[in-house]
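This report introduces a structure to a reader who has not met it before. Please keep the sequence and the model at hand while reading.

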Amino acid sequence: VAMGCAKHAQLLVKAGYHDEEIHTIPEEPAPVSPVSIGVSLLSDEDGTKTAMLIPNGAPLPACCIKNIQVKGDKDDTLAISELCADGCRKGVLAQIALPEGVQNLDLYVELSLEGQLSISVNGSDEVTI
């Protein structure tokens with residue numbers, strides 16, 4: 001193996017190849033999320049109990065699967081929101097009404113390269129906004 005590597009290196013040197021030409025890989029900027037996306041209960045009016053799903057600057061496409069515990073109250077509504085830099089809720093992107101008695105949610109959120117947000121709760125059909 002060592003002799004084969006030495007012969008190959010010798011051929012490359014004779015052919016005039018230089019390391020920079022062989023090992024240079026062009027760098028391209030990766031698309032990143034322009035906003036932070038989080039989840040909270042809509043009843044949390046000030047949005048202080050918001051959990052981060054997709055942070056600002058995350059490479060796209062980005063997805064998050066999160067298990068969420070809720071009280072199971074009658075009028076619970078989940079809010080998927082754009083977040084401010086300090087983590088508070090800036091604006092609600094989607095609202096999901098939760099059935100009464102549900103206390104455990106599996107939330108799937110994906111932000112595509114095109115900026116489409118897909119949401120699925122407990123394996124239900126995805127909703128895209």
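## The open sheet

In this predicted model, four strands make up an open sheet, arranged in the order β3-β6-β7-β8 with antiparallel pairing. The edges are held by β3 (62-69) and β8 (127-128); each of these has a single partner strand, so one side of each is left without a neighbour in the sheet.

Within this sheet, strand β6 (residues 104-111) and strand β7 (residues 117-121) run antiparallel and are joined by five bridges. Ile119 in β7 has Val109 standing opposite.

## The nonpolar core

The largest nonpolar core contains 22 residues, and Leu53, Ile54, Ile80 and Leu107 have the most contacts inside it. At least two residues of this core come from each of β1 (36-41), β2 (51-54), β3, β4, β5 (89-97), β6 and β7. Strand β6 gives the largest share, four residues.

Leu107 may be examined individually. Leaving aside neighbours within four places in sequence, Leu107 is in contact with Val39, Leu53, Cys64, Ile65, Lys66, Ile68, Leu78, Ile80, Ile119, Ser120 and Val121.

## Thr77

Thr77 lies in strand β4, which covers residues 77-83. The relative accessible area of Thr77 is 17%; buried means under 20%, so Thr77 counts as buried.

Which residues are in contact with Thr77, leaving aside its neighbours within four places in sequence? They are Ser40, Leu41 and Leu42, together with Gln95, Ile96 and Ala97.

Definitions and conventions:
Residues are numbered from 1 along each chain as its sequence is written. This is a predicted model: local features need pLDDT of at least 70, side-chain atom pairs count only at pLDDT 80 or more; totals for chains, interfaces and linings use all residues. Side-chain values use heavy atoms; hydrogens and water are left out. Buried means under 20% relative accessible area, exposed over 50%, partly exposed in between (1.4 Å probe, protein chains only). Contact means heavy atoms within 4.5 Å. Two strands pair if DSSP finds at least two bridges between them. A nonpolar core is a set of buried Ala, Val, Leu, Ile, Met, Phe, Trp, Tyr and Cys residues joined through side-chain atoms within 4.5 Å.
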